[in-house]
Amino acid sequence: MSRFRIAPSILSADFGRLAEEVRAAERAGADWIHLDVMDGHFVPNLTIGPDVVSAVSRVTSLPLDVHLMVENPERFVEPFADAGATALGVHVETCPHLHRTLQQIKDRGLRCCVVLNPATPASAVEPVLPLVDQVLVMTVNPGFGGQSFLPETLPKLSRIRADLDAAGRPDADLVVDGGIGPATVEQVARHGANVFVMGNAFFRAPDYKTLVDQIRQQLENSPEAAPGHES
Ligand code: DX5
Ligand code: ZN
């Protein structure tokens, strides 16, 4: 089975019909549901809290990938774990005690994910690669859906993929988030990404299943995509 994963971001879903949208994403063949938590401080936007994650967990059996764009994220590990998160991602820019925060997430039995902004170098996460289950590279500056992909993040993807291999973590997921869709998925896969968060590209698509099938076909047909990362 392919290790490629498609993770629709509900930030671009119709919040008035959230349960229906999540069920439709699952029916269309999505692998994970990505949920963006923003605090109006670390990023200039406000979104959802644990109650919405809990509501989503009641309507899907897909893994819930929770992306914390908040200051002091360690305060929210417990509430999001209780709400049914499968994975919790924290930004390296918000964690002065990064090992401790990631360990806190692991100790709660969740997959732990470290996240980097576009301007943060790969070296910032190198010390924690042996610990993490996922690395999420922001391919736009976080805060909003529908922004344009930043191609200058591509070399960082290759570097982190190589660093994960060197750290003995070839199994860890390399996630990309921001401006990902049919126009960008092949190039990020070629640079080692294997999980594709999609907000606008997914929820603005006229038919979710057609979009999922198209993306999978692109990944299969792209001979250079993530060599060695299919299993
Ligand atoms: C942005 C969020 C993303 C967002 C991506 O800060 O982290 O998950 O939903 O949206 P698109 O795919 O539209 O760029
Ligand atoms: Zn996100």
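## Ligand 1

A backbone N or O atom of G146 lies 2.8 Å from an oxygen atom of ligand 1. In this predicted model, the protein buries 99% of the 380 Å² that ligand 1 exposes when taken alone. The residues surrounding ligand 1 number 20. The closest are S9, G143, G146, D177 and G199.

Two further polar pairs involve oxygen atoms of the ligand. One is formed with a backbone N or O atom of G179, at 2.8 Å from an oxygen atom of ligand 1. The other uses the side chain of D36, with a polar atom 2.8 Å from an oxygen atom of ligand 1.

## Zinc site

D36 also takes part in binding the zinc ion (ligand 2), through an OD atom. The other protein donors are H34 through NE2, H67 through ND1 and D177 through OD. These protein donors lie 2.0 to 2.3 Å from the zinc ion. Along the sequence the donor residues follow the spacing H-x1-D-x30-H-x109-D. H34 and D36 are both buried.

The site has six donor atoms, and the angles among them run from 71 to 169 degrees. Its geometry is octahedral. For comparison, ideal angles for six octahedral donors are 90 or 180 degrees.

D177 links the two ligands in this description: this residue is a zinc donor and is listed among the closest residues to ligand 1.

## V197 in strand β8

V197 belongs to strand β8, which covers residues 195-198. V197 counts as buried because its relative accessibility is 2%, under the 20% cut-off.

Outside its neighbours within four places in sequence, V197 contacts A7, S9, H34, V175, V176, D177 and I180. Among them, H34 and D177 are donors to the zinc ion (ligand 2), while S9 and D177 are among the closest residues to ligand 1. The C-alpha atoms of V197 and D177 are 5.0 Å apart, although 20 residues separate the two along the chain.

## L110 in the loop before β5

L110 sits in the loop that joins α4 (98-107) to β5 (111-116). With a relative accessibility of 10%, L110 is also below the 20% cut-off and therefore counts as buried.

Apart from neighbours within four places in sequence, the contacts of L110 are A81, A85, T86, L88, I105 and D133. One of these, I105, lies within the residue range of α4 (98-107). L219 follows 109 residues away along the chain, and the C-alpha atoms of L110 and L219 are separated by 28 Å.

Definitions and conventions:
Residues numbered from 1 in each chain as written. Chains lettered and ligands numbered in written order. Predicted model: local features only at pLDDT ≥ 70, side-chain atom pairs only at ≥ 80, totals over all residues. Heavy atoms only, no water. Helix = DSSP H or I, 4+ residues; strand = E, 2+ residues; numbered from the N terminus. Buried < 20%, exposed > 50% of the residue type's maximum accessible area, 1.4 Å probe, protein only. Contact = heavy atoms within 4.5 Å. Donors = N, O, S within 2.8 Å, 3.2 Å for Na, K, Ca; no water. Tetrahedral: all angles 85-135°; square planar, octahedral: opposite > 155°, others 65-115°. Near = heavy atom within 4 Å. Polar contact = N/O pair within 3.5 Å; in protein donor to acceptor, adjacent residues only side chain to side chain. Areas by Shrake-Rupley, 256 points an atom, 1.4 Å probe, with all protein chains shown as cover.
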